[in-house]
Structures are given as structure tokens and as C-alpha cells.
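Here's a quick walk through a few spots worth a look. Have the viewer open as you read.

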Amino acid sequence: MSQILPVVHILSKVLMLFSAAFLLPLAISLGLEDGAHLAYDEAIAITFLSGAVLWLLSRQGKRELQTRDGFLLVVMIWTVLPLYSTIPLLSYMPDLSFTDAYFEAVSGLTATGATVLSGLDGLPPSINIWRTLMHWIGGMGVIVLVVAVLPMLGVGGRQLFKAETPTPMKDSKLTPRMAETAKGLWVVYAIVTVFCILALWAGGMSWVDALVHAFSVMSLGGMSSHDASMGYFDSVTLEIIVMVFALIAGISFSTHFMAFRMRSLLAYRFDTEIRWFFGVLGISILGLTFYLLYKGFYLDFPEALRYAAFNTISVATTLGFSTTDFNIWPYFAPLYMLFLSSFIAGSGSTGGGIKMLRAILLYKQVYRELIKLVHPSAIVHTKIGTQTVPAKITYAVLAFLFIYVASIIILSFILAASGLDVFTSFTAVVAMVNNTGPGLGQVGPASTYAILNDFQIWVCSFAMLLGRLEFFTLLVVLTPVFWRK
Amino acid sequence: MALKLAGMSWFDAICHAFATMSLGGFSTHDASVGYFDSPLIEGVLIVFMLLAALNFVTHFLAYRQRSLMPYRHDPEVVGVLGLVIASCLGISLYVWQAGVYPEFLTALRHVSFNLVSIATDCGFASTDFNSWPIFAPMWMLLLSCVTASSGSTGGGLKMIRTLLMLRQGVRELEHQLHPAALLPVKIGGHAVPNQIVFAIQAFVMMYIATIVTMTLVLLASGLDFVSAFSAVIACINNAGPGLNEVGPGTNYAGLNDFQTWVLAFTMLLGRLELITVFVLFTRAFWRG
């Protein structure tokens, strides 16, 4: 018990802070008189009080955090906050089961964007704001997680990215460094979000819609205030704005931060991922456009390009908006988009999947092994940019990939065994693990996850957390070794 | 001999013995082994398929030493037999529960035969397992990726690589907790050099990347998802029948020329363990 006390202590502070998040939907609810304000009163009270009680109870256990505590803290934050996030949903919609509400909240905070709710257009605006505010807060958490916390914990070769983080990494204590890194990144994140809100509003959205969609885009979440997602607006201008901001959010925020601090675009030139990011996306979009034209799905080039570009960027960056039901496209196209979503997003972005940097490293490592077969005694280094990657990190990245693939296979099997068809199980698991949102088949963009049974919903919630916490973080806490002294 | 005793004609016995020992899977009958409908023949085949799925070096050692000890020392044997038996029981229960077969024993009979046949990459079928609940045949295909031993006539990743990858995954998890600890990856009491673990990881990644790419290629050429995916898996593992349009009840003739070429290439890739083929595509190979 004394082991987890310091972690609980920090968690209690996070909870008290988190209760403030309900203020925004509360204010909007009161301002628009949409009748949902009681839900937030309740949520604020419960969250703050339980935070305060935990804080009092765990006061004794205060001490400096160690690596082990780091894992536990991250896992606890990502499982406990969704619990409290369900309060407004459950309170406003008494028919919603706890399982579904927790799924919705996990999907919110992991910025996945899968939903069990339909009839979104009829929900009070403040509830929709809350759903995507969870995305946005989750996005903030993700940035800090992937840029500051995971490299320190050494998850899945994340040490590689240490060099790129803005503050010097000499200090071995957890908290001060995290706080400073976080602040810088959040400022950038917040500024870009404000621009995104303004752009969407100028592009013709109402204030509420602009807010909802900006939160969703910046965190690469994917929930929307309309059942038809972005297809509701049917506006090329808005689609272009969303694409631009989704691409921005798909690039590492530490690169944005560097560019912001140096007031120059040079930082982007030094980011190895960016070339691949735009290269792969550009080629894929053109390829899919021609494929859809060739299959006769769209009749003229601009139309095909419009739909292919928006939906590809949206799925590949793990945002998950849709402007059309791409489930009815020839199978190859949506599956290829899901495939992209597993590696396109940048390493310090709000996107999911294995991240571009790991994909590049994997490709180089495989190539290296081939060269070694031709020249067995040659010493070949794996390089990213100008940096040589130590063997230990390549190792960790390969193990990460193995766990990634193994998780997808195992979880797909579990869903298939529980009665879903193979196609739906597989695409649902990929969409969950990559934090994309819509899958294909029965969980395609035109339908929701409500058709799944309780067991399947829990599997999906677990898959989202697994993907968001980069597998190791969650798995390590589940090993017996972790709890041994 | 065993097959003849169990009731096959000499001709059938020779054909099936060849197909079994090489874990090939061609039969003289469209209905494959289902034609004989004899539990005895199926039992004989199961035993020989499992034998063929073990490392022939181990067989050789056992033969020379006239003892069963080498099998005890081969870590793969435990893995292969354990996994196959556990899966047989599990899938039988599952298929029985799902109501495909009214009796557990019938379920066990059909499941063991088809599961062993697919998992060892042999590819005989005694029933159209495509009509089972989709989880069962998918699981069998998954087994076909990992079950056969190195040095056997089966295909896929091979059991030894699977074991190594598992150990490596566990080691990385432990590394998360004790970053400075030196933890060797051990197989059957021997520490495996990092160099080899590395090469195997790269191999597994190539294997997965190939499956994904080939599946996407087949999809683009118009096949449905389950057919494309299962066909690629079946071909790269040299197992034989896939599912759906290429399931055990049908054959690969339904594919167009392009798809057939893709799959022929995939079979070669799998049999030559990928790297042998891929290395031909690097510039370094052709230089000087």
C-alpha cells in the first residue's frame, strides 16, 4: 500500500484539477440554456470531492517519484479519469449503460473518436462540447506522455526521441522536467487550437460546431456533433481547413515548439519524419484517387480527389472524421487507409499507431539485415537523420512492433471468438489500437460501436488504452514482476 | 505401411504418405482425406504429420542413439505438441459449443485432424472447415504460422522463432522495470546471442510486412478480405487451402491469372524463407 500512496497522491491532485474541466460545458450549458447543466454540477462536485478525500488520505505517502511509479501513475490517470468523465453522460442519459459510457469516455480521452451514441445532432451542445473537450484534454495528456514521460520510462525505443525534446534531459527527477516540457508544448497546442477554432468559424461553422470540431481535430480524436461527421457540412472550404490542421496535429509538437521558439521554419527541415509523412500521404492520396476513378466510383477527377484526400488524411492521421461512407468503397481503399493509420502520425503528435519514426527505423533495420547477408562481416549502422541509432534502441523498437502485431492478432481473435465477423473484428481492433475511430464492416463510418455487446465493448476499451499508452506502459503494470518488491 | 494397414489401397497409401511426410497436402481425391471417412486413417495421418512437423535433426539423433532423450532436450517439441494439443481441445470445445457437431467426440475427431493438418502446414482436409464459425479456421491459420519446427518439412515462422520472439517480448517488458539489467534471451538452457535475436526480429517483421503487402495487392485486384488474407497466409506458410473463395471446399482455380502469379510468388517467398529472395532485390547483391 505504501508503494502506491505517492501515486495516489498525485492522482488526487490531477482529479481536483480535472474537475475544473467541467466548467466549460457548464458555462456553455447555462449560456445556451440547453437543460444539461445539472449533469455538470454533479460531475464537478463528485470529482472534486473524491479528489480531495484521496488527497487527505494519501498525504502521508508524499515522496519523489521513481520510474516504477511513473508507469503506475500513467496507467491510473488513463483509467480513472474516464471513470469521472462518464458522470455527465450517465447523468444526462440515464438509458446509457455504464459499459457504453466508459467506452465513450475512454474513446474521448484517448482521442480515438469511436462512439456508441447516435442522434448526435439532437444532443445538447454542451454534451457534444464535453465529448470533444475530452479529446482535447486527452490530446494534451498524449503530447506530454509521448514527448516527456514515455522517453523517460524508456517505452518501446522512445529514448530515441529524447534528443528532440525541447528541454535538456540531464536531470533524473521526474517532475520538474516534465512540468517545463509540458508548459512549452501546451502553449503551442493551445495557440494552434485557437487558430483552428477561428478558421473553422470563418469557414462557416457556428461557434459551437467550430469549438467541437477544433477540439476534435487538434487532438486527432474524431468525435463530431453530427451523425454524418464532416459530411454534414458538405463544404470544400471546411474540409481543406480540417485537412490542414489535421496535418499540423500529425507532426511532432516538439518540432512545432522548436519552430515557434526559434521563429523560423528550419526546425521542420531537420525533422526526418516530415519528409516521409508528406511523401507517403501524397502518393497514397493520388493512388487512391486514381483507383476510385478506375473503379468508376467517382466520375471526375476533382470529386474523387476531394473525397480521397479528406478521408485518407483523416483516417491516416488517426483523426477519424469522414465525409462519405468509405465503407462502401472497394475494400482495398479503406483497408489501405487503415494500414496507413498504423504508422503515419509523427512521434510527438497527438496521433496514434506505431509512429513514423519507428516505421522508418524498422525499414532501415530490415535493409541492414539484408546488406549483412551479402557482406556478413560488414559493420552497418542504422541511421536516422545524421544520428546513429544504438542497437539497444533498435531492439526495443522491434520488440515494440512485435507486441503491437501480437496484440492486434490476439484481440482480433478474441472479438472473432465472441461472435463478430473477421473483417469487423480485425478492422475494429486496428482502429482501436491506432486510436483512429471508425473501423469497417459493421463498425464502419456510417454506423457506431453500439452494435457490439458488453464484452466486446470492454475489449475495445482495453485496446484503445493499450494503443494510447504504447503497450508496454499498460502491459508492464499487468506483470507480476512489477508488483514484486 | 501404416496407411495400407489402415485400409487404403497401395496407390493411395504411397501418394498420401509422400504428401504427409513433406507436409505438402495434395491428395488423389477432391474431397481430400474426407473421401476415406475413416477415423483410423485420420489417426495415422495425425501421428505422421506431427512427426513430420518436428525437427528431423532431432529424429536423426533419436534414431542414432536409439532413445527418446533427444526429444526431451528439444525445446520446440514441447512447444509444438503443447500448442497443438491445447488448441485441439479448445477449438473442439468451441465448435461443439457453437453447435456444428452434436457430439463432442465427433467435434474432437474433425477438429484434431483438420487442425493438425493446417497447423503443420500439411493442408489435408476431412471436412469443409470453412463452414465452421470463422474463429476456428482463423485460429488454425494462425497456428500454421507458428507451429512447424525448424528443420521440419513444414512452413511458416517456425516454432523456434516464435519462442524467441516471445522471450524477447518478455525481456523488453522486464527491461522497462530494470533498465540496466543484463537479461539474456534463453532457449532450452542456452543463451542466444543478441545478433541472432536481432536477425530473427528482422525476419519476423519482413514476414508480417510481406503478408500485409500481399494481402493489399490481392485486395486491390478485387478479392474479398477473408479470401485474400487467408490465401496469402496459406501460401506463405505453404499450408494449402485458405478460406472463403479459396477454402477447402473449393480450389484456387477461381482466381484470375494475376492473383495466381502473386500467390505463386508468395509460396516461393515463404519456402525460401523470404530473405533468400529479398536479398536478390538489394543493390548490394548485384554490385561487384
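Contact here means heavy atoms within 4.5 Å. Helices are DSSP runs of H or I with at least four residues, numbered from the N terminus. This is a predicted model, where local features need pLDDT of at least 70, side-chain atom pairs count only at pLDDT 80 or more, and totals for chains, interfaces and linings use all residues. Residues are numbered from 1 along each chain as its sequence is written, chains are lettered from A and ligands numbered from 1 in the order written, and side-chain values use heavy atoms, with hydrogens and water left out.

**Two helix pairs**

Start with α2 (residues 23–32) and α6 (residues 125–153) of chain A: their axes come within 8 Å and cross at roughly 165 degrees. That makes α2(A) roughly antiparallel to α6(A) (the label for angles over 145 degrees, on a scale from 0 to 180 between N-to-C directions). On the α2(A) side you'll find A:L24, A:P25, A:I28, A:S29 and A:L32, which meet A:P125, A:S126, A:I129, A:W130 and A:L133 of α6(A). Sorted by class, that contact has eight nonpolar residues, two polar and no charged ones. (Ala, Val, Leu, Ile, Met, Phe, Trp, Tyr, Cys and Pro count as nonpolar, Asp, Glu, Lys and Arg as charged, and the others, Gly among them, as polar.)

Next, α15 (residues 356–374) and α16 (residues 391–417) of chain A have axes that come within 10 Å and cross at roughly 105 degrees. They are therefore roughly perpendicular to each other, a label covering 65 to 115 degrees. A:R358, A:L361, A:L362 and A:Q365 of α15(A) touch A:T394, A:V397, A:L398, A:F400 and A:L401 of α16(A). This contact divides into six nonpolar, two polar and one charged residue.

**Three loop residues**

Buried means under 20% relative accessible area, exposed over 50%, and partly exposed in between (1.4 Å probe, protein chains only).

| Residue | Loop in chain A | Relative accessible area |
|---|---|---|
| A:L220 | between α8 (207–218) and α9 (236–249) | 0%, buried |
| A:R263 | between α10 (253–262) and α11 (266–270) | 66%, exposed |
| A:Y449 | between α17 (422–433) and α18 (454–468) | 2%, buried |

Most residues other than glycine have a negative phi. A:L220, though, has a positive phi near 50 degrees, and A:R263 has a positive one of about 50 degrees.

What does the side chain of A:Y449 reach? It reaches the backbone oxygen of A:G437 at 2.8 Å.

Note on methods. Parallel < 35°, antiparallel > 145°, perpendicular 65-115°, else oblique. Polar contact = N/O pair within 3.5 Å; in protein donor to acceptor, adjacent residues only side chain to side chain.
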